[in-house]
Amino acid sequence: MEQRTAKDDPQDELAARLRLIQELSGLGVRALARDAGLSSSSLSRYLSGQTVPPWPAVVSLCRLVKRDPRPLRPLWERSSNPLPAPPKAGRQVHPRPRNDLPRDAPDFTGREAGLAAVLAAVDSHRAVAVDGMAGVGKTCLAVHAAHRLAGDYPDAQLYVDLHGFTEGREPLDPDSALRMLLGALGVPSERVPQEGVEQLAACWRAELAGRRAVVVLDNAADAGQVRPLLPGAGPSVVLITSRNRLLGLDEVPPVSLDVLSPRESADLLARASGDSGGPEGRLAREPESAAEVLRLCGHLPLALRLAAARLRHRPGWTVGILVERLAQGASEFDTAFAMSVRQLDRAHARLFRLLGLLPGGSFDEYLAAALADVPLHGARAMLEDLVDAHLVQQPTAGRYRLHDLVHQHARRACAEQDPPAERERALGRFLDYYVHAAAAADAAMPVLSPGRPPSAGRVPAELPPFTDKNAACAWLVAEYESMIAAFETAVAVGADLHVCELPRFLRGYFARRCGTTHLNHLFERSLAAAERLGDPRQLAEAYSDLGFARYNAGRMADAAAAYEAAGLRVSETGDLRAEAELAMRRGYLRWDEGGAEEPLELFGRAGALYEQADCPAGAAHAAASEAWAMLQLGDRERAARRARAVLEIPHADPAWPPKLTARITLGMAIAGEAPEEAAEHLHRALALAREDRHMNNEAWCLNCLGVALRQMGRYEEALASHRAAFALLDELFEEHWKIRFLNGYAETCRLAGLPGEALRLHRQALELAPRLGYRNEEALAHEGIAVLLDETDPAAASEHRRAARAARAVLR
């Protein structure tokens, strides 16, 4: 058999080159990691070839030994995307290609020189910045070019509106834009850095490095907003639009747009109005009036389309009549807008003005119906009419938006024509809609137990149908930017009840998509709103929610403090569900800190409270958690009985969290006496976690399967399961998940005859546990090391046992 060398695999070759760098440095792994700003565990994986490092890590290592990193770039790129190697079993290398581009303009006209310049810049620099005045057609050109390029960039076609010039709204900050883009690429939230624009930008560049994607960054305010969003190495391209010349982006060639030429303007007016273009057409019969229309519209594409829509829908009009109507405006913008709006009936005009109250971004017919307080079918019909009039855009099926200039006109018209009380009521309906719609979506994908229904405002007449958790998650993804804008609006207008409640119904979404940093930020502001309200129930829930966010971020001490503050207030409310949920959350915290008896008591108390509150779903969650705690205490028989009882509860979703927990618990509890049934339960749980695309749960299932297989004496299979779990965990940025699995993996290694690997894993646990506050895992690591050192170094083993006793004493 031909011997395999490192050069057969670019990842192995890259690892070998990095080991040479370590030799040049003369440093050990820990010292080298410290000087390069890396964790020692990550550096160990890079040097061993287990994981491909991000490019900034390669640069840092090269700089330490004063070597140029650029020669390593091709090798790093091949390692990052090692085609044609097959994907891991049961997983995709990349999710299905995402296409977020707005629809291409069917009447795209002219711009041959501009389009050629854009495509040439993309070809030479992989980037272009299109600038020009408002309404000149920058977005239309960029989107048209992106559609032309899509075939050559099949991995993703992404679009994000940076809102650089949206009236009443702050430009989108790079942090939020990067999270949106990474989410659009399908990057799991666990791989998205929790904080820091530089870290997010590095992650974005690394994700793009192995893809062929086209990205449209629309309406940029300035170069600083765009710079972190640019791709790094790799083939992906970016098209930027801005009203300003982005002078700070020297590496991005500019293409400046002027108004259309007279010929292009005439062609666009003819196409958009449906004019035949022949000698019998209206424009040909009235050439002087047609020329005046072009002049009054300033040769601006947006104004020309608005004017053309009037001709298209008014077959009895002459072009001269259109000129008379246009001449009543004050400028090319107001001319076209005012003329178009004057043609609307009362209901259409009212909806158009109220849309100006929205803080920008896209929306759907349900929001429009709630905003205007009209039936859904009426809102749908009016929106389609406004699309036909070019006052509303429809970038994708079912989604609508207003051009910034149109939005500004609608907002000004609303301020001038609608009484303050009506504007206030409409804004209230807008905020009500998002709180109640988010609550309905959250109920379809609960994290723990169904939450208390919202009390802010009133329920809209119609909400989107959420048939299952996938439909709910898809809606939350589509509406996320708008919901955050609604939250900021609520803060700005002092709608404290909405500020309290909206983040509460985004917990399920954040658990799957967005990590924890933003959720912590939202709940901090919710707490401030609750303090202003002075409502004990809102205060209790705000502290509890903030504690939950802190816990999910691995901030155990902060979570405990928030839960303590919540506990002081929840008893005053008489809200049994809130008290039960707080008991559950405290149980999880104590469980992760290393307690077992106290969590069991807390879960039992939560279950009793849920039953008193007539909340069977909450009681099921508590029962499943009780079963797990019983298992940790060694009471396998009771744990199995409790788990079986949970599995018998009817529920439509087989991946329902209580059943998933119960299935894992049962599999581990009966591994000794019924190995076949145990393996079946654990493999079923793993399949459900994979179908649910929840990487944390998948890693948990794999690790538990490894422990169960070890208990069955099937060491090789157990090791394979642990390794698969850690292959997933290596992709996660939330390190506190690793500490839950390291000691179990180490014990499997010891029993499988791999003492060196077991010792390394226990020491890794010992490095993480004190920092994260996991005293029980710290004690287990000391005990595991003591067992491994008993024969070779009894004195050190004795010292580790003393340290284990000290850690357990802290727990007591």
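Which residues form one aromatic cluster with Phe-430? The cluster consists of Phe-430, Tyr-433, Tyr-434, Phe-466 and Trp-475, and it is taken up in the first legend below.

This is a predicted model, in which local features need pLDDT of at least 70 and side-chain atom pairs count only at pLDDT 80 or more, while totals for chains, interfaces and linings use all residues. Residues are numbered from 1 along each chain as its sequence is written, and side-chain values use heavy atoms, with hydrogens and water left out.

**View A. Aromatic cluster with Tyr-433 and Tyr-434.** Rings of Phe, Tyr and Trp (its six-membered ring) pair if their centres lie within 6.5 Å; planes under 30 degrees apart count as stacked, over 60 as edge-to-face and the rest as tilted. The count by this rule is eleven aromatic pairs. One of them, Tyr-433 with Tyr-434, is edge-to-face, with 5.2 Å centre to centre and 70° between the planes. Tyr-433 and Tyr-434 are both buried (under 20% relative accessible area; exposed is over 50% and partly exposed in between, with a 1.4 Å probe and protein chains only).

**View B. Largest nonpolar core.** A nonpolar core is a set of buried Ala, Val, Leu, Ile, Met, Phe, Trp, Tyr and Cys residues joined through side-chain atoms within 4.5 Å. The largest has 168 residues, of which Leu-355, Leu-391, Phe-430, Trp-475 and Ile-664 touch the most other members. Helix H21 (residues 420–443) gives the most to this core, with eleven residues. Helices (H or I, at least four residues) and strands (E, at least two) are DSSP runs, numbered from the N terminus. Ile-664 is in contact (heavy atoms within 4.5 Å) with Trp-628, Leu-682, Ala-685, Trp-700, Cys-701 and Cys-704, leaving aside neighbours within four places in sequence. A second, separate core has 45 residues, including Leu-141, Ala-142, Val-214 and Ala-272.

**View C. Strand S5 between S2 and S4 in the pairing pattern.** Strand S5 (residues 237–242) is largely enclosed by the rest of the structure, because six of its six residues are buried. On one side these are Val-237, Leu-239 and Thr-241, and on the other Val-238, Ile-240 and Ser-242. Two strands pair if DSSP finds at least two bridges between them. Strand S2 (residues 127–131) runs parallel to S5 and is joined to it by five bridges; here Val-130 has Thr-241 as its bridge partner. Strand S4 (residues 213–218) is also parallel to S5, with four bridges, and Val-215 stands opposite Val-238.

**View D. Salt bridge between Arg-504 and Asp-545.** Side chains of opposite charge can pair when their charged atoms come close. A salt bridge is counted when a side-chain nitrogen of Lys or Arg is within 4 Å of a carboxyl oxygen of Asp or Glu, and the count by this rule is 37. Arg-504 and Asp-545 meet at 2.7 Å, N to O. This pair links distant parts of the chain, 41 residues apart: Arg-504 is in the loop between helix H23 (496–501) and helix H24 (507–514), and Asp-545 is in helix H26 (residues 536–552). Arg-504 is buried at a relative accessible area of 8%, and Asp-545 is buried at 2%.

**View E. Salt bridge between Glu-626 and Arg-642.** The closest N and O atoms of this pair are 2.6 Å apart. Glu-626 lies in helix H30 (residues 616–632) and Arg-642 in helix H31 (residues 636–647), so the salt bridge ties together parts that are 16 residues apart in sequence. Glu-626 is buried, with a relative accessible area of 12%, whereas Arg-642 is partly exposed at 32%.

**View F. Salt bridge within helix H36.** Arg-750 and Glu-747 form a salt bridge with their closest N and O atoms 2.8 Å apart. Both residues lie in helix H36 (residues 742–751), three residues apart, about one turn of the helix. Arg-750 is partly exposed at 30% relative accessibility, and Glu-747 is partly exposed at 23%.

**View G. Leu-119 in helix H6.** Helix H6 spans residues 112–125 and includes Leu-119, which is partly exposed with a relative accessible area of 23%. Leu-119 touches Ala-145, Arg-148 and Leu-149, not counting residues up to four places away in sequence.
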